[in-house]
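Here are some worked exercises to try with the model open in your viewer. Have a go at each task before you read its solution.

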Amino acid sequence: MNISFNWLKEYVDLSMSAQECAKILTDIGLEVESFEKIETIKGGLEGVVVGEVLTCEAHPDSDHLHITTVDIGQAEPLNIVCGAANCRKGLKVMCATIGSVLYPIGSQEEFKIKRSKIRGVESLGMLCAEDELGIGSSHEGIIELPLNAKVGTAAKQYYNIQDDYLIGIGLTPNRVDAASHIGVARDLVAYLRAKGENVTLKLPDVSSFKVDNHDLEISVKVENTTACPRYTGVSITGCKLAPSPEWMQNYLRAAGINPKNNLVDITNFVLFELGQPLHAFDARKIDGNGVVVKTVENGTKFTTLDGEERTLTDRDLMICSIEKPMCIAGVFGGKQSGVSDETVDIFLESAYFNPVWVRKSAKRFGLNTDASFRFERGIDPNIQLYALKRAAILFRDLAGGKISSEITDSRPQEAEPFRFEFSLKRAKSLIGKNIPDETILSIIDALEVKVEKREEDLLQVAVPPYRVDVQREADLVEDILRIYGYNNIELPEHLFSTLAYIQKPDKTHLVNMVSDALTARGFTEIMSNSLTKASYYEQCKAYPIENAVKILNPLSQDLSVMRQTLLFNAMEAVELNVNHKNASLKLYEFGNCYFYDASKKDEQACSLAPYSEKYMLSLLITGQSRNTSWNEKATVSDFFCLRATVEMLLKRFGLSIYDMPTEEVSDDLYACALEFKLQNKALLRIGQLSQSLCKKFDTKQDVFYAEINFDLLLKATRKHHITVEELSKYPEVKRDLALLVDSSVKFAELRSAAFQAEKKLLKKVSLFDVYQGDKLPNGKKSYALSFILEDKNQTLNDKTIERVMDNLQKTFESKFQAQIR
């Protein structure tokens, strides 16, 4: 939100500079994100002063130039050549001195005043016309000032030009009370009062409000008091459409609003002054001279101010006339009832709408207005009457209107403050500093919080209802701390720590361990939203939409369900990177996936029984696994690159990928994939994604993906114990075998059989070549296996080695009908 420093000073007397004010705002929790100087006249007329023409003579080499001497209040007058026809002795003028920079109206370029010679005569300045200074459009001659204008007065001072500063505040969602200039001023006053300064908040005076006549009485009926707890209104007649005064236009521009006319600008001005949204209806368009606040039937058509026809629901609160809807309450006005250039009489609305109703309607229609921004966060429920009077007075003073009805107020009673107990002792404990009671009490008073009762260090406090974010003790402690100053809380000189037992396995430690391992292998971690598109699951067989956890009030269709897999988030990242010419990727992500099982709904009384979540780890590779270098060629990522990484991770957890049951997977997400199980539950799914899925994400290259149930992996580590043994003193022995086997035989089967046949000396079995082609019999393939043998007690001799290899060979021949090549 943009705050005008000059506008802010209307409500609090500030002796500080705009820069100091910005720093204080950041210190008290209203973080300043931008700071900009706004010049009423570009350049601020720096270097331009009031001068008096002492002499004026014709230029000897020109028929229209004059040679003048001009007194600007310095020791010596300036010699200036001027071409204006109205230049003469004794004239008071605006003189731009050397170094001044002017921005003439109608010119795209600046004009810098320099020492120059004009037809042989030195000129040390320039006598200016209105358009040359940017204060008017006339260029008929130089400006003629009154004779009493004081020589040497700066033009900025003479014209009373006041530069402004635009302070951009990043409001947090809970601080809607600061979404106005008076709201920010209130915080500044609290800070200054807590520092001992005698300042008060200067609210606009509305005591001059009075009803002029009763010429336009409009009835008000609130049918839905839940959605509209308070509705006030008043009629104003005889308004004259005209431009707003310059001061109001300047303030609105500073707030980011383009001025339109006085009738529209007044409501916008009060919005940014008080934080109370108002709406002005053209009274002639209110059928039946009555306003009804209610919901309408499902399917009712309604055209908003932007000209778009919208379909209403019975959960949208509407401001209606006797016959038809006129406005979506708190969100957007209607095209047929708003103020126009022909408007003379208006009905002015100032209301408090239920934040939930406003938020849901705004999201339903995809609208985000200044009014809905404030209503859906919870405005001051007691300011409606004051804001209505403030606006009515402005309509009277700036538009010539007459207040032509009594004020209608559906809830004359004020909203109650938020009451709770507040312990000074607990506050000091939370703050981490022993702040004197007097200091805390002075800050509480500066925040307009009333202490209704005190018993020793326990207070009964009442927080004003406009502070919707302060409804419990911890909230008030936070408010006290931001006014006291976070920077005033010293860091402790000693750090006290205690030993704590951490249950094993430590999930955080293992997540960090996996992250470090993957990052070391060139992977990049991504983080994505748990909310995702329902369309991903609508035609998905692997993760049907029936099992998705649906959001009751989604922010948008793109965030309407909770994810069942990390796959689609990873593919969104692939699509983004590929479109930005970054096609070689290694990505991983940790995250929860969410599931709904309708069959469990009636099994338990607990309403959460059908819902479950799993903590998952996803890995994805695509493009090149190794880039081209001077000494090696590029390597394209494939299934085995990803498989090697997964095998490494499982090994860190004490699991072997070869010891787990494996099933081939074929569904609409994978072209081919394997699923590995642990304890009869799916632990890992790894494979190549289908071309149809890649096409949906505008990706033509092959993508390989793995997803691990990290919760299940953590459970497996509970039985994993790390032991240490001395390195063997005796050398390893390597032997190779080439086996011709049936095409259906897998390496994992051969490896398992080898370890069963030789449990003592066989240390490692690896596959270093696979061949399957026309040189082999049909239905056969060749495996080249490497065996590592080791005896930790002695050096292996040839006889022992041959015995082991013969045993392995016979095992392969008997179990797999293998032939030795």
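**Exercise 1. Which residues does Thr532 touch, not counting residues up to four places away in sequence?**

Step 1. Thr532 touches Tyr537, Asp558, Leu559, Ser560, Val561, Met562, Arg563 and Glu572, where contact means heavy atoms within 4.5 Å.

Step 2. Before going on, a word on the basis: this is a predicted model, in which local features need pLDDT of at least 70 and side-chain atom pairs count only at pLDDT 80 or more, while totals for chains, interfaces and linings use all residues. Residues are numbered from 1 along each chain as its sequence is written, and side-chain values use heavy atoms, with hydrogens and water left out.

Step 3. Now place the residue: Thr532 belongs to strand 29 (residues 531–532). Helices (H or I, at least four residues) and strands (E, at least two) are DSSP runs, numbered from the N terminus.

Step 4. Thr532 has 5% relative accessibility and so counts as buried. The classes are buried under 20% relative accessible area, exposed over 50% and partly exposed in between, with a 1.4 Å probe and protein chains only.

**Exercise 2. Describe the surroundings of strand 39 (703–709).**

Step 1. Start with burial: seven of the seven residues of strand 39 are buried.

Step 2. Sort them by direction. Val703, Tyr705, Glu707 and Asn709 point one way, Phe704, Ala706 and Ile708 point the other way, and all are buried.

Step 3. Look for partners, remembering that two strands pair if DSSP finds at least two bridges between them. Strand 33 (residues 611–622) runs antiparallel to strand 39 and is joined to it by seven bridges; Leu617 has Ile708 as its bridge partner. Strand 38 (residues 681–689) is also antiparallel to strand 39, with five bridges, and there Gln688 is matched with Phe704.

Step 4. Finish with the loop between helix 18 (691–696) and strand 39, where Asp698 is found. Asp698 has a positive phi of about 55° although it is not a glycine, and its 46% relative accessibility makes it partly exposed.

**Exercise 3. Find which residues touch the most other members of the largest nonpolar core.**

Step 1. Fix the term: a nonpolar core is a set of buried Ala, Val, Leu, Ile, Met, Phe, Trp, Tyr and Cys residues joined through side-chain atoms within 4.5 Å.

Step 2. Of the 83 residues in the largest core, Leu25, Phe269, Leu348, Phe422 and Leu476 touch the most other members. Helix 10 (residues 384–399) gives the largest share of this core, nine residues.

Step 3. Zoom in on Leu348. Leaving aside neighbours within four places in sequence, its contacts include Val234, Ile236, Leu278, Leu388 and Phe395.

Step 4. A second, separate core has 61 residues, including Met648, Phe704, Ala716 and Phe816.

**Exercise 4. How many cavities of 30 Å³ or more does the structure hold, and what lines the second largest?**

Step 1. On a 1 Å grid over the protein atoms alone, a cavity is a set of points where a 1.4 Å probe fits but cannot get out, and lining residues have an atom within 4 Å of a point. Grid points are joined across faces, edges and corners, and a volume is the space filled by probe spheres set on the points.

Step 2. The structure holds three such cavities. The largest has a volume of about 140 Å³, and its 13 lining residues include Asp177, Ser180, Leu274, Gly275 and Asp380, which lie nearest its centre.

Step 3. The second largest holds about 60 Å³. Its lining is made up of Asp177, Arg186, Asp187, Ala190, Ala446, Leu447, Glu448, Tyr466, Arg467 and Arg482, and helix 5 supplies the largest share, three residues.

Step 4. Follow Glu448 from that lining: it lies in the loop between helix 12 (437–446) and strand 26 (450–455). Glu448 has a positive phi of about 65° although it is not a glycine, and it is partly exposed, with a relative accessible area of 34%.

Step 5. Continue into strand 26, which is antiparallel to strand 27 (residues 458–463) and joined to it by five bridges. Lys450 has Ala462 as its bridge partner in strand 27.

How values were computed
On a 1 Å grid over the protein atoms alone, a cavity is a set of points where a 1.4 Å probe fits but cannot get out, and a pocket is an open set with protein on both sides within 12 Å along at least five of seven lines; lining residues have an atom within 4 Å of a point.
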